[in-house]
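I sat down with this structure today and went through it piece by piece. My notes are below.

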Amino acid sequence: MPVVTNRKSATAIIAAAAALLLCPTQALADYGDGGDSTNSGSETTTSGKSDGEGNVAAVAGAVIFDRGKNGTGQSAGPVTSSASNWTPPACYYAPKYTPDQLQKHKEPIWQAESTGYEWDAKERKKFEGGEPYKDFNKDKEGKGYFWDSYVTEGREGDPGALDCTKDIFWVDLGDPPPPDIPQAITPEMLAQLAYAEIRVPSTKVELAPEGTTKVNLPTWAWLDVAKFKPVSVTASVPLLNVQATTTAEPVSLKIEPGTADATTYPASGVCELNGDQIGEAYAKGKADETPPCGVKYLRSSGDASYKLQATVTWKIHWTGTGVNDPQDLPPGEFGADQDVIVQEIQSINR
């Protein structure tokens, strides 16, 4: 079951899970009107309830997301995988129909004869005539579900959304899906779907001096550590009693000054997490010291400003059903720009 953080978010999660477990027919119907895998992207539904504090239990396809431990605020955003060739799955297979639901979905299509006689006859043989399912597997009512494909929300236009081309198939409760279906939902795949739901705080850094600095004057940079705690999202399929929690933890901050006429501290521009802080807050009396994290501008910004970019790298891992030891996923990054005005130091001639 999903991990919850407070009584309100727990109520939303339990209500959704109870609907699935106690009344699977209605619960599956609530996901959408179903459909063949070739056009399931338009049929996957998404809904959710908020407790007013940013904690949302959202249903997307067959998956429930608990975002109760996610990052919040208007400036929070999704991380981008630092592995350029990796993205969470664009489509997956999971339970979609009970026998009765599939019959109610298929028969109107056959009666309309919109898909042609040969196709309809083939479908009837498959789901009614015993090749391989007889009478929609009604003798197995309550003992399993017909699985179909879902397209991950927001990925409908991705080429990967077309990878799930297998026709509807039956899986008994407690049995694994057929081995020739790599996109069948698993705890690891749930973890990958949860990855896409991770939201992290804004990366605006504290600067001293703030907003306006001087040429050749070291500017200290640090993060408000209180805002940069680990965040997590739990994804689950209560019908299968499987879940996974994906957690992101900040590990470093990269400073890019916005101009080549600058020196960063350290030279790499990457400030590593040190205990419970990234960088060090400026304190009175440290003006002549070299900041452990920061930048020194060597040229004025004139009438404009430099766009300092701060990017936080997040270590991401997951645990889930049958997996107690954290498993790594590709690190994620989230960055933002902020304006820095750099002025020449005015000298006074006497």
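These entries cover a sheet, a helix, two serines and the nonpolar core.

**Entry 1, the model.** I am working from a predicted model. I keep that in mind for every entry.

**Entry 2, the open sheet.** I looked up the strand order first. Three strands, β6-β7-β8, form an open sheet with antiparallel pairing. β6 (91-97) and β8 (169-172) stand at the edges. Each has a single partner strand, so one side of each is left without a neighbour in the sheet. From one strand to the next, the twist averages 45 degrees. I then checked one pairing. Strand β7 (residues 144-151) joins β8 over 4 bridges, in the antiparallel sense. For Y145, I found V171 of β8 as the bridge partner. Next I asked what lies across this sheet. Helix α3 (residues 99-112) lies across β6, β7 and β8. I noted its angle to β6 as about 100 degrees.

**Entry 3, helix α5.** Is helix α5 enclosed or open? I counted 9 of its 11 residues (187-197) as buried, so the helix is largely enclosed by the rest of the structure. The buried ones are P187, M189, L190, A191, Q192, L193, A194, Y195 and E197. I marked Y195 because I meet this residue again in the next entry, where S81 touches Y195.

**Entry 4, S81.** I found S81 in strand β5 (residues 80-81). Buried or exposed? S81 has 18% relative accessibility, and the cut-off for buried is under 20%, so S81 counts as buried. Leaving out residues up to four places away in sequence, S81 touches W86, Y195, P330, P331 and G332. I also looked at the side chain. One of its polar atoms lies 3.1 Å from the backbone nitrogen of A83.

**Entry 5, S236.** The second serine, S236, sits in strand β13 (residues 231-237). Its relative accessibility is 2%, so S236 counts as buried. I then picked a residue from elsewhere in the chain. I64 is 172 residues from S236 along the chain, yet their C-alpha atoms are separated by 5.3 Å.

**Entry 6, the core.** Which residues have the most contacts inside the largest nonpolar core? I185, L253 and W314 do, in a core of 69 residues. Strand β19 (residues 306-320) gives the most to this core, with 7 residues. I followed L253 further. Not counting residues up to four places away in sequence, L253 touches V205, L223, G269, V270, C271, I278, C293, A310, T311 and V312.

Technical notes
Residues are numbered from 1 along each chain as its sequence is written. This is a predicted model: local features need pLDDT of at least 70, side-chain atom pairs count only at pLDDT 80 or more; totals for chains, interfaces and linings use all residues. Side-chain values use heavy atoms; hydrogens and water are left out. Buried means under 20% relative accessible area, exposed over 50%, partly exposed in between (1.4 Å probe, protein chains only). Two strands pair if DSSP finds at least two bridges between them. Axes are lines fitted to C-alpha atoms, for helices over the stretch in contact, and angles run from 0 to 180 degrees between N-to-C directions. Contact means heavy atoms within 4.5 Å. A polar contact is a pair of N or O atoms within 3.5 Å; within protein, one must be able to donate a hydrogen and the other to accept it, and residues adjacent in sequence count only if both atoms are side-chain atoms. A nonpolar core is a set of buried Ala, Val, Leu, Ile, Met, Phe, Trp, Tyr and Cys residues joined through side-chain atoms within 4.5 Å.
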